[in-house]
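Here's a quick tour of one helix and a couple of loop residues. Have the viewer open and follow along.

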Amino acid sequence: MKFLVVSDLHGDEYWTSRAIEAFRSEGADRLVLLGDILYHGPRNDLPGHYQPKKVIELLNPLADKIIAVRGNCEAEVDQMVLKFPVMADYVYLVSGDTAFFVTHGHIYSPDKTPPVLTEGSVFLSGHTHVVYDYVKDGIRFMNPGSPSIPKEESRPSYIIIEDGQANIKEF
């Protein structure tokens with residue numbers, strides 16, 4: 001199974017469309033959303049193409065292919081309009097022999113990891129809007145950043161997971 005991972009779309013129609021295009025062109029089986037799907041939050045400026053209703057229209061037809069976790073901007077009202085679950089704090093994915101702990105990053109983070117992570121596993125999160133990929137204590141930490149509101153000179157990116165391997169790619 002091939003996964004495309006993107007985070008922090010923040011209601012941006014353009015970047016949601018680009019994520020869906022990448023999902024299709026990469027031939028991915030599942031689209032993994034690391035939270036902050038519809039709302040931009042009070043600390044961020046509005047994304048350039050802020051159209052949360054259109055984001056709903058783009059994502060809902062893919063509901064059976066989406067795996068999502070709750071970001072700090074998700075609320076119960078988001079779950080009312082999205083046809084796929086968005087309120088889980090984390091999920092586990094397994095690809096090949098690799099376990100992936102998938103979360104937004106506001107509850108669990110590289111500085112506050114859950115005790116279930118073991119050497120060789122991957123911790124995937126968003127939240128910071130900064131792309132990173134590093135290994136600490138035998139655990140790989142990856143973040144695709146935010147395509148709609150990138151920070152610290154990050155480029156709009158996503159992660160592809162296949163056969164236990166994970167790679168960051170730019171849009």
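K53 and E57 are exposed, and they sit on the face of helix 2 turned away from its buried side. Keep in mind that this is a predicted model. On the buried side of helix 2, which spans residues 52-59, you'll find V55, I56 and L59. Looking down the helix axis, those buried residues fall within an arc of 105°, so they line one face of the helix. That fits the usual geometry: an α-helix has 3.6 residues a turn, so residues three or four places apart point the same way. What covers the buried residues of helix 2? The cover includes helix 1, strand 2 (30-33), strand 3 (66-68) and helix 3 (76-81).

V55 also turns up among the contacts of D12, a residue in the loop between strand 1 (2-6) and helix 1 (13-25). D12 is buried yet has no salt bridge. Its nearest side chain of opposite charge belongs to R18, 9.5 Å away.

Now for another loop: G138 lies between strand 7 (131-136) and strand 8 (139-144). Relative accessibility there is 27%, so G138 counts as partly exposed. E119 is 19 residues away from G138 along the chain, yet their C-alpha atoms are separated by 4.5 Å.

Here are the contacts of the two loop residues, leaving out residues up to four places away in sequence.

| Loop residue | Residues touched |
|---|---|
| D12 | P47, G48, H49, Y50, V55 and S148 |
| G138 | E119, G120 and S121 |

How values were computed: Residues numbered from 1 in each chain as written. Predicted model: local features only at pLDDT ≥ 70, side-chain atom pairs only at ≥ 80, totals over all residues. Heavy atoms only, no water. Helix = DSSP H or I, 4+ residues; strand = E, 2+ residues; numbered from the N terminus. Buried < 20%, exposed > 50% of the residue type's maximum accessible area, 1.4 Å probe, protein only. Contact = heavy atoms within 4.5 Å. Lys, Arg positive; Asp, Glu negative; His and termini not counted. Salt bridge = Lys/Arg side-chain N within 4 Å of Asp/Glu carboxyl O. Arc of directions from axis to C-beta.
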